[in-house]
Amino acid sequence: MGARFTGKVVLVTGGSSGIGRATARAFAAEGATVVVAGRNEQRLAEAVRDIGGDASAVTVDVTDSADVARMVATVVDRHGGLHVAFNNAGILGTPAPAADLAEDDFDAVVRTNLTGLWLCLKHEIAHMRDHGGGAIVTMSSNIGAHRRLPNMAAYAASKAAVSALTRTAALDHIRDGVRINAVSPGATDTEMSLRPGETAADRAARMRESVPLGRVGATAEVAAAVLWLASDEAAYTVGHDLVVDGGAAA
Ligand SMILES: NC(=O)c1ccc[n+]([C@@H]2O[C@H](COP(=O)([O-])OP(=O)(O)OC[C@H]3O[C@@H](n4cnc5c(N)ncnc54)[C@H](OP(=O)(O)O)[C@@H]3O)[C@@H](O)[C@H]2O)c1
């Protein structure tokens with residue numbers, strides 16, 4: 001096991017479950033002091049137990065700027081700094097044809113996936129640029145900038161915007177010492193990639209047909225990409241949007 005993050009303080013939003021939790025575990029396994037953030041205290045506590053080491057939690061609703069500012073301040077107060085952030089919190093919304101999407105649902109998807117992620121960038125960068133810089137990875141998706149699927153207009157629009165936001169923010173802040181990249185997974189083994197009523201076996205059959213590699217992605221495979229983007233090995237990688245999807249958008 002490498003130790004690319006020894007001495008680094010790493011914040012993972014949406015770290016209580018799924019890809020976020022797996023990535024937090026991977027950062028901790030490589031020496032990082034990890035803080036996981038999300039809305040649900042109980043799920044965060046479970047994640048902290050699962051991650052082990054000196055992992056801890058902070059509650060946040062990423063759609064609330066004051067809450068996001070408090071999250072960053074809590075991490076800095078607790079550990080003396082913030083070196084790496086993985087802005088991963090996101091929701092799928094309720095899939096429907098574009099004209100039939102509920103207005104509240106459309107707003108919630110954009111507010112969480114795009115505005116919430118931008119608020120995290122805003123408050124993280126404000127700290128990092130005054131304290132020696134840092135690395136940030138944002139969670140996009142292959143749905144959006146890379147491919148489109150029916151019934152996913154709100155999600156696709158929010159994630160395409162995350163891809164564009166990430167690349168623009170990377171240009172804006174690389175000379176502040178803050179290196180920003182995105183990861184764009186395809187269907188990954190969490191509940192989010194199960195269609196309503198679908199079992200894991202049904203999804204496996206769907207993946208055999210629809211993904212060139214023939215299977216769903218593992219959370220650890222997304223985590224590996226995030227850790228590389230956040231590591232010094234990727235020091236010359238700026239404003240990249242790394243697709244990890246078994247070839248679905250190739
Ligand atoms: N699974 C896939 O196939 C796939 C593919 C491409 C991209 N993604 C993206 O990967 C990310 C993680 O998804 P996942 O599959 O791991 O699903 P997940 O297990 O549902 O994780 C979502 C995380 O985001 C948190 N979250 C949601 N809204 C939040 C808010 N307003 N404030 C703070 N935290 C919030 C959730 O915690 P609380 O509910 O406790 O707040 C949870 O920890 C999402 O951005 C998703 O769009 C997933």
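These legends go with a set of close-up views of a predicted model.

**View 1. The ligand and its shell of residues.** The ligand has 29 residues around it. Ser16, Ser17, Arg39, Tyr155 and Thr190 are the closest of them. Sorted by class, the shell comes out as 15 polar, 10 nonpolar and 4 charged residues.

**View 2. Polar atoms facing the ligand's oxygens.** Start with serine 16: an N or O atom in its side chain sits 2.8 Å from an oxygen atom of the ligand. Lysine 159 also brings in its side chain, with an N or O atom 3.0 Å from a ligand oxygen. Glycine 14 joins in through the backbone, where an N or O atom is 3.2 Å from an oxygen atom of the ligand. As for how well covered the ligand is, on its own it would expose 880 Å², and the protein buries 91% of that. Two elements give two or more residues each to the shell, namely α1 (18-29) and α5 (153-173).

**View 3. The stretch that UniProt lists as a domain.** An unreviewed UniProt entry lists residues 8-210 as "domain: Ketoreductase". In the model, 47% of this stretch is helix and 16% is strand. Its end C-alpha atoms are 39 Å apart.

**View 4. An enclosed cavity, with α5 in its lining.** Searching the whole structure turns up 1 cavity of 30 Å³ or more. The largest cavity holds about 50 Å³ of space. Part of its lining is Leu92, Gly93, Thr94 and Pro95, and another part is Asn151, Met152, Ala153, Ala154 and Tyr155. Leu101, Asp105 and Val109 complete the list. Both α4 (103-128) and α5 supply at least two lining residues, and α5 has the largest share, with 3. By class, the lining has 8 nonpolar residues, 3 polar and 1 charged. If Tyr155 looks familiar, that's fair: this cavity-lining residue is also among the closest to the ligand.

**View 5. The second largest pocket.** This pocket has a volume of about 220 Å³. Its lining is made up of 16 residues, and those nearest the pocket's centre are Lys8, His83, Gly134, Ala135 and Asp232. Here the classes split into 7 polar, 5 nonpolar and 4 charged residues. Lys8 is worth picking out on the sequence too: it lies nearest the centre along with the other four just named, and position 8 is where the UniProt domain range of 8-210 begins.

Key. Residues numbered from 1 in each chain as written. Predicted model: local features only at pLDDT ≥ 70, side-chain atom pairs only at ≥ 80, totals over all residues. Heavy atoms only, no water. Near = heavy atom within 4 Å. Polar contact = N/O pair within 3.5 Å; in protein donor to acceptor, adjacent residues only side chain to side chain. Areas by Shrake-Rupley, 256 points an atom, 1.4 Å probe, with all protein chains shown as cover. Helix = DSSP H or I, 4+ residues; strand = E, 2+ residues; numbered from the N terminus. Nonpolar A, V, L, I, M, F, W, Y, C, P; charged D, E, K, R; others polar. UniProt positions renumbered as here; feature names shortened; annotations may be inferred. 1 Å grid on protein atoms, 1.4 Å probe; cavity = no way out; pocket = protein on both sides within 12 Å on 5 of 7 lines; lining within 4 Å. Points joined across faces, edges and corners; volume = space filled by probe spheres on them.
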